[in-house]
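Biologist: I'm new to looking at models like this one. Could you pick a single spot, take me through it closely, and then work outwards from there?

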Amino acid sequence: MPKSVSGFSKLSKEEKINWIVTTHFSNAEHAKHIITQYWNDDAALQKLHDEFIENTITNFYLPLGVAPNFTINGRNYTIPFAVEESSVVAAASKSAKFWANRGGFKTTIINTEKIGQVHFIYKGDKEKLTAFFNHIKPKFFSETESITKNMQKRGGGILDIILKDKTADLADYFQLHATFETKDSMGANFINSCLEQFAKTLKEEALQFESFTETEKEITVVMSILSNYVPNCLVRAEVSCKVEELAEKHIENPQEFAEKFVQAVRIAEIEPYRAVTHNKGIMNGIDAVVIATGNDFRAVEAGVHAYASREGQYASLSHAKIEEGIFTFWMEIPLALGTVGGLTSLHPLVKVALEMLEKPSAQELMQIIAVAGLAQNFAALRSLTTTGIQQGHMKMHLMNILNQFQANEEERKQVVKHFEKNTVSHSAVVEYLEEIRK
């Protein structure tokens, strides 16, 4: 049981590490060596990273890979992926090459609306509250002008504010439900600042509203916060071609493949157990690019999975069909992203990733990231409905197993050659390594 510590946040970085390694590790020096070996040699760069979060002790690396040859709306892209899972980048690259020869990916921005809410308790006459809201609504806009003026210059701002009666779900519970356009910024700070001003205006104006009783004037604001559920911040990504054009090495009968593929998607549309894994594959691609571009993958995940449940049951995000000899595979997905502000202007590798993508706008980034998710999903479904998912994945995973057991170069060559014709599994690799080492 570790001892408690007081004033930890006030300790220096060195003092924090010393406390951690002496408290939690049997070999303190070894633990300290591992922690400090991930520091950047450039002190200024390390200081920048240290200040991203609190109580920083070191950097935690993720591989940054790239998938070239993506054709999106006629333009070519090389997409950066920050991810630890083997086969993700390889699968995306394979899909990119496959569809580049069949017209590429097509994308459309459906909407870019974001949402914030002021949650409050009002005990009184609902008609009076509606009249009050309509009376003060212009003040919500006028009293946030200092916050919104720069955003308005860029074409964004507050789109609308409505009053929502939620008393059927919770006694005396109402909302100010506001919609926003934040252009190239993700907009969390902007939205939250507007909402807090709305809350202040709401409370102050209620005290002056003559139709309210003394009880009705005492509106209680519970919280003011943006929502990461953005069903109206949507992008569509799709691929399509004639069924016969699907033919390739592992697709000898394209009609049979297309029908099986559509059935696989249909299963994910109706079966939640399958849908979760199906959508996880989509997020393999989406999260990796969201992280590489300095965006909030937790917010994206939460919003996406809520959207997958919008009909009352968790279901597939992607869809497929065959009509008049044309195979179409598509997805509509909510993505609230930014290309300015936050880590996008601080993290050096995020800047590299965004420049690699030709410095996209937030809308362009929505399209690129949606494509990464659809490409990943196509690769997974193609494997599942042809050779099986494990064949390619385990061969990619082979290097991780060899690294785990510190195989030397000669051992690696022998193992790779052996498993060109044998099924890869963790136990099989370990057994063969032991056999070589004997």
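Modeller: Let's start at Gly 155, which sits in the loop between α6 (145–153) and β5. Keep in mind that this is a predicted model. Which residues does Gly 155 touch, if you skip those up to four places away in sequence? The answer is Glu 181 and Lys 183. Take Lys 183: along the chain, Gly 155 and Lys 183 are 28 residues apart, yet their C-alpha atoms are separated by 7.0 Å. Contacts across the sequence matter for the whole count, too: of the contacts in the protein with a separation of 6 or more, 71% are between residues 24 or more positions apart.

Strand β5 leads us on to another loop. Asp 172 has its place between β5 (157–165) and β6 (173–181). Its backbone is worth a look, as phi of Asp 172 is near 65°, a positive value in a residue other than glycine. Most residues other than glycine have a negative phi. Is Asp 172 buried or partly exposed? Asp 172 has a relative accessible area of 28%, so it counts as partly exposed.

There's another case like that. Ser 87 isn't a glycine either, but its phi is positive, at about 85°. You'll find Ser 87 in the loop between β2 (75–82) and α4 (88–100). This time the label is buried, because the relative accessibility of Ser 87 is 18% and the cut-off for buried is under 20%.

Now for a residue inside a helix. Thr 201 belongs to helix α7, which runs over residues 188–208. Thr 201 counts as buried because its relative accessibility is 1%. What is Thr 201 in contact with, leaving aside its neighbours within four places in sequence? Its partners are Lys 139, Phe 140 and Glu 143.

Two of those partners, Lys 139 and Phe 140, have numbers that fall in helix α5 (residues 126–142). Helix α5 also holds Lys 128, whose side chain meets that of Glu 216 in a salt bridge, 3.0 Å from N to O. Glu 216 is in helix α8 (residues 214–217), and the pair links parts of the chain 88 residues apart. The two ends of this bridge get different labels: Lys 128 is partly exposed because its relative accessibility is 25%, while Glu 216 is buried because its own value is 5%.

How many salt bridges does a search of the whole structure find? It finds 17. One of them joins Lys 13 and Asp 50, with the closest N and O atoms 3.0 Å apart. Lys 13 lies in helix α1 (residues 13–24) and Asp 50 in helix α3, so this pair ties together parts that are 37 residues apart in sequence. Asp 50 has a relative accessible area of 18%, so Asp 50 is buried.

Helix α1 has another link. The side chains of Glu 14 and Lys 32 meet in a salt bridge at 2.8 Å, N to O. Here Glu 14 in helix α1 is paired with Lys 32 in helix α2, 18 residues apart. Glu 14 has 36% relative accessibility, so Glu 14 counts as partly exposed. Salt bridges can also join up: Arg 236, Glu 238 and Glu 332 are linked in a network of them.

Staying around helix α2, look at the loop between α2 (28–37) and α3 (43–50), where Tyr 38 is found. Together with Ile 34 and Tyr 61, Tyr 38 makes a nonpolar surface patch of about 290 Å². Tyr 38 is called partly exposed because its relative accessible area is 33%.

Finally, step back to the whole thing. The protein has 438 residues, and 44% of them count as buried. Its secondary structure comes to 16 helices and 10 strands, and the C-alpha trace spans about 90 × 70 × 40 Å along its principal axes. The protein exposes about 23100 Å², with carbon and sulfur atoms supplying 50% of that area. As for charge, there are 46 positive and 54 negative side chains, and the centres of the two sets lie 3 Å apart.

Definitions and conventions
Residues numbered from 1 in each chain as written. Predicted model: local features only at pLDDT ≥ 70, side-chain atom pairs only at ≥ 80, totals over all residues. Heavy atoms only, no water. Patch = residues over 30% accessible without salt bridge, like charges linked within 9 Å, V, L, I, M, F, W, Y side chains within 5 Å. Areas by Shrake-Rupley, 256 points an atom, 1.4 Å probe, with all protein chains shown as cover. Salt bridge = Lys/Arg side-chain N within 4 Å of Asp/Glu carboxyl O. Helix = DSSP H or I, 4+ residues; strand = E, 2+ residues; numbered from the N terminus. Buried < 20%, exposed > 50% of the residue type's maximum accessible area, 1.4 Å probe, protein only. Contact = heavy atoms within 4.5 Å. Lys, Arg positive; Asp, Glu negative; His and termini not counted. Charge placed at Lys NZ, Arg CZ, Asp CG, Glu CD.
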